[in-house]
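Work through the exercises below with the structure open beside you. Try each task before reading its solution.

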Amino acid sequence: MNSFLPPLTAAEERYYLQKYTEGDLEAKHILIERNLRLVAHVIKKYQNLDEDPEDLISIGTIGLIKAITTFDPCRNNRLAAYASKCIHNEILMMLRAKKKTAKDVSLYQSIGTDREGNEICLYDIIETDDAEVQEKITLKDDIRKLYEKMESSLSKRERLVLKMRYGLYNEEEYTQREIAQQLGISRSYVSRIEKSAIEKLREYFE
């Protein structure tokens with residue numbers, strides 16, 4: 001926690017929120033940086049889950065950014081209270097998405113044995129075209145592989161841009177311009193990050 005910058009005072013918060021509404025992106029950077037301590041505080045409530053703290057920080061930061069971009073001082077007293085809800089919601093959406101994915105049944109999962117004692121899997125009894133089944137299996141394997149390689153081969157920023165750009169992990173999809181606005185960087189920089197990340201992933205699927 002000591003590595004985080006101290007939170008803004010109420011007066012400082014009002015000042016930077018006003019500057020941000022006037023189009024000052026540096027004010028947005030400051031609002032994000034000075035509220036990262038809040039993200040770390042929120043994810044402590046999820047420490048008992050088998051989740052990578054860095055992933056939770058990344059997802060929580062998305063919630064923080066959304067909070068800053070949608071915060072209305074006329075309707076809410078302090079940004080921290082509003083941002084906490086947004087951070088919690090973002091993490092809960094991710095956990096629900098992972099839980100849903102975990103319920104997927106493998107077509108090769110054993111479901112018993114036949115009269116001769118041979119193992120039977122779901123693939124053996126599905127009444128569908130073999131080519132169609134194989135296509136679905138390949139697609140599912142590719143999706144699993146994509147997520148694995150994203151986590152192991154990409155930087156945090158590259159993962160974040162791809163998640164936002166393509167709606168991965170059941171996230172909302174954003175245009176490059178919208179991502180640039182939320183992250184406080186140029187659209188061309190977002191494009192370069194996206195292209196670099198895709199090139200890194202492409203080599204695993206060629």
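**Exercise 1.** Find which residues Leu 64 is in contact with, leaving aside its neighbours within four places in sequence.

*Solution.* The model is a predicted one. Beyond those neighbours, Leu 64 is in contact with Ile 32, Asn 35, Leu 36, Val 39, Ala 83 and Ile 87. Next, place Leu 64 in its surroundings: it belongs to the largest nonpolar core, which has 37 residues. Leu 64 is among those with the most contacts inside this core, together with Leu 31, Ile 68, Ile 87, Ile 91 and Leu 183. Several helices supply at least two residues each to the core, including helix 1 (10-21), helix 4 (53-70) and helix 5 (79-102). In soluble globular proteins, nonpolar side chains tend to be buried together.

**Exercise 2.** Decide whether Gln 182 is buried or exposed, and list what it touches.

*Solution.* Start with the location: Gln 182 is in helix 9. Its relative accessible area is 9%. Buried means under 20%, so Gln 182 is buried. Not counting residues up to four places away in sequence, Gln 182 touches Lys 28, Ile 32, Ile 65, Lys 66, Thr 69, Met 164 and Tyr 174.

**Exercise 3.** Work out how helix 8 and helix 10 are oriented to each other.

*Solution.* Take the axes of helix 8 (residues 156-166) and helix 10 (residues 187-202): they come within 9 Å and cross at roughly 100 degrees. Angles of 65 to 115 degrees count as roughly perpendicular, and helix 8 and helix 10 are therefore roughly perpendicular to each other. Now look at the residues that meet: among them are Val 161 and Leu 162 in helix 8, and Ile 193 and Ala 197 in helix 10. Sorted by class, this contact has nine nonpolar, one polar and five charged residues.

**Exercise 4.** Do the same for helix 9 and helix 10.

*Solution.* The axes of helix 9 and helix 10 come within 8 Å and cross at roughly 105 degrees, which makes helix 9 roughly perpendicular to helix 10. On the helix 9 side, Gln 176, Arg 177, Ile 179 and Ala 180 take part; they meet Arg 187, Val 190, Ser 191 and Glu 194 in helix 10. By class there are three nonpolar, two polar and three charged residues.

**Exercise 5.** State how many aromatic pairs there are and classify them.

*Solution.* The count is two. The ring centres of Tyr 15 and Tyr 16 are 5.0 Å apart and the planes stand at 75 degrees, so this pair is edge-to-face. The pair of Phe 71 and Tyr 82 is tilted, with 5.7 Å centre to centre and 50 degrees between the planes.

Definitions and conventions:
Residues are numbered from 1 along each chain as its sequence is written. This is a predicted model: local features need pLDDT of at least 70, side-chain atom pairs count only at pLDDT 80 or more; totals for chains, interfaces and linings use all residues. Side-chain values use heavy atoms; hydrogens and water are left out. Axes are lines fitted to C-alpha atoms, for helices over the stretch in contact, and angles run from 0 to 180 degrees between N-to-C directions. Helices (H or I, at least four residues) and strands (E, at least two) are DSSP runs, numbered from the N terminus. Angles under 35 degrees count as roughly parallel, over 145 as roughly antiparallel, 65 to 115 as roughly perpendicular and the rest as oblique. Contact means heavy atoms within 4.5 Å. Ala, Val, Leu, Ile, Met, Phe, Trp, Tyr, Cys and Pro count as nonpolar, Asp, Glu, Lys and Arg as charged, and the others, Gly among them, as polar. A nonpolar core is a set of buried Ala, Val, Leu, Ile, Met, Phe, Trp, Tyr and Cys residues joined through side-chain atoms within 4.5 Å. Buried means under 20% relative accessible area, exposed over 50%, partly exposed in between (1.4 Å probe, protein chains only). Rings of Phe, Tyr and Trp (its six-membered ring) pair if their centres lie within 6.5 Å; planes under 30 degrees apart count as stacked, over 60 as edge-to-face and the rest as tilted.
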